[in-house]
Amino acid sequence: MRPGVVRLARCLAVLGAVGALLLLGEVLFTGTVGASSAGESGVGGNALLRQGKQVFRFDTFGDQAFWGDALQLHKAIEGSANGGIGPGVSPKTALAVGLKVDATVIPAKLARAIKAGKVDLNDPKTTLALLKLNAVVGIKGFFNKDGRLGSMGITCALCHSTVDNSFAPGIGRRLDGWPNQDLDVGKIISLAPSVKPFTDLLGVDAATVKKVLLSWGPGKFDAELSMDGKAFRPDGGSAASRIPPAFGLAGVNLATYTGWGTVTYWNAFVANLEMHGQGTFFDPRLDDATRFPVAAKARFGHVHNSPDLITSKLGALHAYQLSLAAPPPPKGYFDPAAAARGEKIFDGKGRCSSCHVPPLYTEPGYNLHTPAETCSDPFIASRSPTGMYRTTPLRGMFAKSKRGFGADGRIPTLLAVVNNYDSCFKLGLTAQEKSDLVQFLKSK
Ligand code: HEC
Ligand code: HEC
């Protein structure tokens with residue numbers, strides 16, 4: 001090629017790359033997928049996001065074989081009056097255990113009847129109607145031809161979505177990525193007519209399984225139980241972790257409180273090993289029978305299902321999750337003047353930003369620390385292959401503060417977090433500085 005042609009070719013290649021980057025930017029950062037007009041017009045890249053949103057909200061990856069067929073949870077929902085078992089799950093009960101309802105798919109006539117108090121919220125039949133509408137966030141009903149509930153599965157949205165309560169408490173528009181802080185996963189599983197899959201896996205009796213499940217409480221789940229079989233902390237307390245947000249993770253290196261892997265690593269882990277979907281998963285770290293006796297025995301590090309209902313969806317799921325930005329706090333949630341003073345302490349005397357680097361609020365790069373470095377309780381870290389804690393990204397604080405702080409919520413308030421750092425790092429913060437720092441954290 002002549003030099004001029006080469007130059008033109010290079011120039012076009014660069015332009016092509018810029019175009020691709022712009023497209024990628026649009027794909028990853030439109031935030032509210034579907035709400036944007038581009039999202040609806042079928043731009044190639046946005047189709048990936050739309051697919052990811054579908055997967056996140058509605059895909060069970062075939063896990064109904066576990067939650068329905070094996071645990072028989074759908075029978076507990078139906079209740080004996082509808083051909084199931086026990087009293088059934090009314091909408092009141094469902095809301096009481098923290099399940100959320102997507103108001104946008106409720107037909108206007110039904111919505112008016114609910115508002116007018118003409119719908120029996122104590123009748124499991126109403127729950128079945130809501131399931132048919134696909135209105136129960138994170139729960140998917142599989143109905144037989146005769147209209148009976150034949151099985152049910154769960155989706156990512158069960159734990160990582162909530163609603164804005166715009167219709168009524170627990171009923172409103174979906175907020176994808178927000179942790180469901182009210183969801184009592186353990187209590188829900190304990191309603192299952194059969195907990196045999198758990199007794200088999202853990203090698204304990206049904207009464208013990210139920211005791212463990214009921215120890216978790218709202219907004220918590222123990223993802224490591226079926227790896228290491230540790231049902232309680234050494235001091236007898238609950239071993240569960242707070243359900244974290246799935247928003248604000250773009251740019252964050254390692255995921256989970258203890259950095260098990262990247263976001264897409266963990267998505268594959270959860271879909272296969274926690275939701276019990278049918279896919280493929282590989283992690284030889286789980287072969288360590290000393291640390292992960294349950295996982296090693298069950299060969300959780302070597303899962304192969306055919307057909308694989310998970311792997312082909314991981315790309316779209318990853319893209320969608322990275323598109324979920326952390327929400328800003330509502331007006332009045334913090335004192336702006338105090339937060340501005342607090343930011344100076346965060347970056348200066350408090351030394352916070354040496355690890356929580358703005359605007360990610362975790363380290364760009366390798367973001368793990370030993371529990372001793374931050375004077376943190378070591379139990380949860382000890383259950384991860386890393387043995388470490390990831391520097392928690394601090395964004396969206398208002399949406400995740402209900403269950404305390406730290407992986408398991410054992411630190412009750414932000415002031416208690418700050419007090420821990422004050423003594424750990426010998427910072428000598430005054431009461432005013434501490435309170436300003438708390439206001440800054442609340443502003444994130
Ligand atoms: C039963 C509740 C539950 C379900 C369902 C669930 N998760 Fe999670 N998720 C958790 C808990 C609890 C953790 C914290 C685990 C830990 O740190 O040990 C977590 C952690 C995460 C994280 C890491 C967040 C961070 O701060 O780094 C991501 C990402 C995530 N989940 C995505 C998903 C996706 C995608 C799905 C569906 C495939 C899913 N989760 C299904 C409960 C759930
Ligand atoms: C050496 C690195 C490091 C420094 C310095 C540091 N942090 Fe952290 N931070 C971490 C790690 C690691 C965690 C997770 C530990 C855990 O969960 O116990 C964490 C967790 C937190 C949390 C809990 C978030 C949640 O949702 O559970 C808050 C709040 C926090 N840090 C604020 C601060 C403030 C304020 C400062 C300065 C006074 C600070 N951090 C200094 C590494 C650091």
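Student: Which helix supplies the largest share of the shell around ligand 2?

Tutor: In this predicted model, the largest share comes from α19, with 4 residues. Both α19 (414–424) and α20 (431–442) supply at least two residues of that shell.

Student: Which residues come nearest to ligand 2?

Tutor: There are 25 residues around ligand 2, and Gly350, Cys352, Cys355, Ser376 and Tyr421 come nearest.

Student: How do the residues of this shell divide by chemical character?

Tutor: The shell around ligand 2 divides into 13 nonpolar, 9 polar and 3 charged residues.

Student: I should like to turn to helix packing. At what angle do α14 and α16 pack?

Tutor: One reads the angle between the two axes. Helix α14 (residues 263–274) packs against helix α16 (residues 314–322) at about 125°, and their axes are 10 Å apart. That angle makes α14 oblique to α16. The crossing of the two helices is right-handed.

Student: Which residues make the contact?

Tutor: From α14 come Val263, Thr264, Asn267 and Ala268, while α16 contributes Leu314, Leu317, His318 and Gln321. The residues of this contact comprise 4 nonpolar, 4 polar and no charged.

Student: Finally, is Ser306 buried or exposed?

Tutor: One counts the C-beta atoms around the residue; 12 or fewer within 10 Å means exposed. Ser306 has 7 other C-beta atoms within 10 Å, and is therefore exposed. Ser306 lies in the loop between β10 (302–304) and α16.

Student: How far apart are Ser306 and Gly279 in sequence and in space?

Tutor: Ser306 and Gly279 are 27 residues apart in sequence, and their C-alpha atoms are 7.4 Å apart in space.

Definitions and conventions. Residues are numbered from 1 along each chain as its sequence is written. Chains are lettered from A and ligands numbered from 1 in the order in which they are written. This is a predicted model: local features need pLDDT of at least 70, side-chain atom pairs count only at pLDDT 80 or more; totals for chains, interfaces and linings use all residues. Axes are lines fitted to C-alpha atoms, for helices over the stretch in contact, and angles run from 0 to 180 degrees between N-to-C directions. Angles under 35 degrees count as roughly parallel, over 145 as roughly antiparallel, 65 to 115 as roughly perpendicular and the rest as oblique. A crossing is left-handed if the near helix is turned anticlockwise from the far one by less than a right angle, and right-handed if clockwise. Two residues are in contact if their C-beta atoms, placed from the backbone, lie within 7 Å. Ala, Val, Leu, Ile, Met, Phe, Trp, Tyr, Cys and Pro count as nonpolar, Asp, Glu, Lys and Arg as charged, and the others, Gly among them, as polar. A residue is near a molecule or strand if its C-beta atom, placed from the backbone, lies within 6 Å of it. A residue is buried if 20 or more other C-beta atoms lie within 10 Å of its own, exposed if 12 or fewer, and partly exposed in between; C-beta atoms are placed from the backbone.
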